[in-house]
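Subject: A structure to look through, with notes

Dear colleague,

I am passing on a structure that I would like you to look through at your own pace. Please open it beside this message, so that you can find each part as you read.

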Amino acid sequence: MNLDKKLTGDACIITVNESRIDAAVAIQFKDGIRELSQDAPARIILDLEQVGFIDSSGLGAIVAAMKLQGDERKLELAALTPAVKKVFRMTRMDTIFKIHDSLESLKTP
C-alpha cells in the first residue's frame, strides 16, 4: 500500500497512491494509516483523488482508520472520485465523514 504523508498548517494530509482500496489491501491500508497518523496533529485529511474503486472491505478499513484516531484526532476525506463518492453516499457514510471536494478547497486555519 503506497501512502504519502505531508504536514501542512494544522493538518496531516495522507495521500493514497493506489487505484483501489479493496479486500486485497484493506489490512495494509489500515496499518499504514495507523503508522502515519501516530504523531499527527488533531486533523488528518485522507486524499483519495487517485482511488477509483472501493469495496466494502475498503470502506470498513477507512471507518476503522477513523476509529483508530479516537477522540484526539479527526479524520476527514478529500477529492473523492465519482465512483468512490457514490459508495459513500449509498452507504450514508457521507453523513459520518467530513468530505472536501478537493485539497484546494480545504480550510486550514
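The notes below go through the sheet, the cores, one helix and a few single residues.

Please keep in mind from the start that this is a predicted model, and that the values below were computed from it.

**The sheet**

A good place to begin is the open sheet of 5 strands, whose order is 1-2-4-6-7 and whose pairing is mixed. Strand 1 and strand 7 stand at its edges, and because each has a single partner strand, one side of each is left without a neighbour in the sheet. As general background, strands of a sheet pair through backbone hydrogen bonds, and they may do so in a parallel or an antiparallel way.

Both kinds of pairing can be found here. Strand 1, which covers residues 3-8, pairs with strand 2, residues 11-16, in the antiparallel sense over 6 bridges, and within this pairing D4 has T15 of strand 2 as its bridge partner. The hairpin that these two strands make has 2 residues between the strands, and G9 takes a positive phi there, near 55 degrees. On the other hand, strand 2 and strand 4 pair in the parallel sense over 5 bridges, with R43 in strand 4 as the bridge partner of A11. Strand 4 also runs parallel to strand 6, to which 5 bridges join it, and in this pairing I45 stands opposite E76 of strand 6.

Strand 4 deserves a closer look, since it is mostly covered, with 5 of its 5 residues buried. In a regular strand the side chains alternate between the two faces of the sheet. Here R43, I45 and D47 point one way from strand 4, while I44 and L46 point the other way, and all are buried.

**The cores**

In soluble globular proteins, nonpolar side chains tend to be buried together. The largest nonpolar core in this model has 26 residues, and those with the most contacts inside it are F29, L46, L48, I62 and F88. Two or more residues are given to this core by each of strand 2, helix 1 (26-37), strand 4 (43-47), helix 2 (56-68), strand 6 (74-78) and helix 3 (82-90), and the largest share, 5 residues, comes from helix 2.

F29 shows how residues from many places in the sequence meet: leaving aside its neighbours within four places in sequence, F29 is in contact with M1, L3, V16, I21, L46, A61, I62 and A65. A second core, separate from the one just described, has 5 residues and includes A11, I13, I45 and L106.

F88 also takes part in an aromatic pair with F97, which is edge-to-face, with 5.9 Å from centre to centre and 80 degrees between the planes. Both F88 and F97 are buried.

**Helix 2**

Helix 2 has 13 residues and reaches 18 Å from its first C-alpha to its last, which is close to the 18 Å expected at 1.5 Å a residue. Its buried residues are G58, L59, A61, I62, V63 and A65, and these pack against strand 3 (20-21), helix 1, strand 4, strand 5 (53-54), strand 6 and helix 3. The N-terminal end of helix 2 is capped by D55, which has a side-chain oxygen 3.0 Å from the backbone nitrogen of S57. Just after helix 2, G70 takes a positive phi of about 60 degrees.

**Two loop residues**

Are T81 and K98 buried, exposed or partly exposed? T81, in the loop between strand 6 and helix 3, is buried, because its relative accessible area of 16% is under the 20% cut-off. Not counting residues up to four places away in sequence, T81 touches L48, E49, V51 and G52, and a polar atom of the T81 side chain lies 2.8 Å from the backbone oxygen of V51.

K98, in the loop between helix 3 and strand 7 (99-100), counts as partly exposed, because its relative accessibility is 46%. With residues up to four places away in sequence left out, K98 touches E76 and L77. K98 and L77 are 21 residues apart in sequence, and their C-alpha atoms are 6.3 Å apart in space.

With best wishes

Conventions
Residues are numbered from 1 along each chain as its sequence is written. This is a predicted model: local features need pLDDT of at least 70, side-chain atom pairs count only at pLDDT 80 or more; totals for chains, interfaces and linings use all residues. Side-chain values use heavy atoms; hydrogens and water are left out. Two strands pair if DSSP finds at least two bridges between them. Helices (H or I, at least four residues) and strands (E, at least two) are DSSP runs, numbered from the N terminus. A nonpolar core is a set of buried Ala, Val, Leu, Ile, Met, Phe, Trp, Tyr and Cys residues joined through side-chain atoms within 4.5 Å. Buried means under 20% relative accessible area, exposed over 50%, partly exposed in between (1.4 Å probe, protein chains only). Contact means heavy atoms within 4.5 Å. A polar contact is a pair of N or O atoms within 3.5 Å; within protein, one must be able to donate a hydrogen and the other to accept it, and residues adjacent in sequence count only if both atoms are side-chain atoms. The expected span of a helix is 1.5 Å times one less than its number of residues. Rings of Phe, Tyr and Trp (its six-membered ring) pair if their centres lie within 6.5 Å; planes under 30 degrees apart count as stacked, over 60 as edge-to-face and the rest as tilted.
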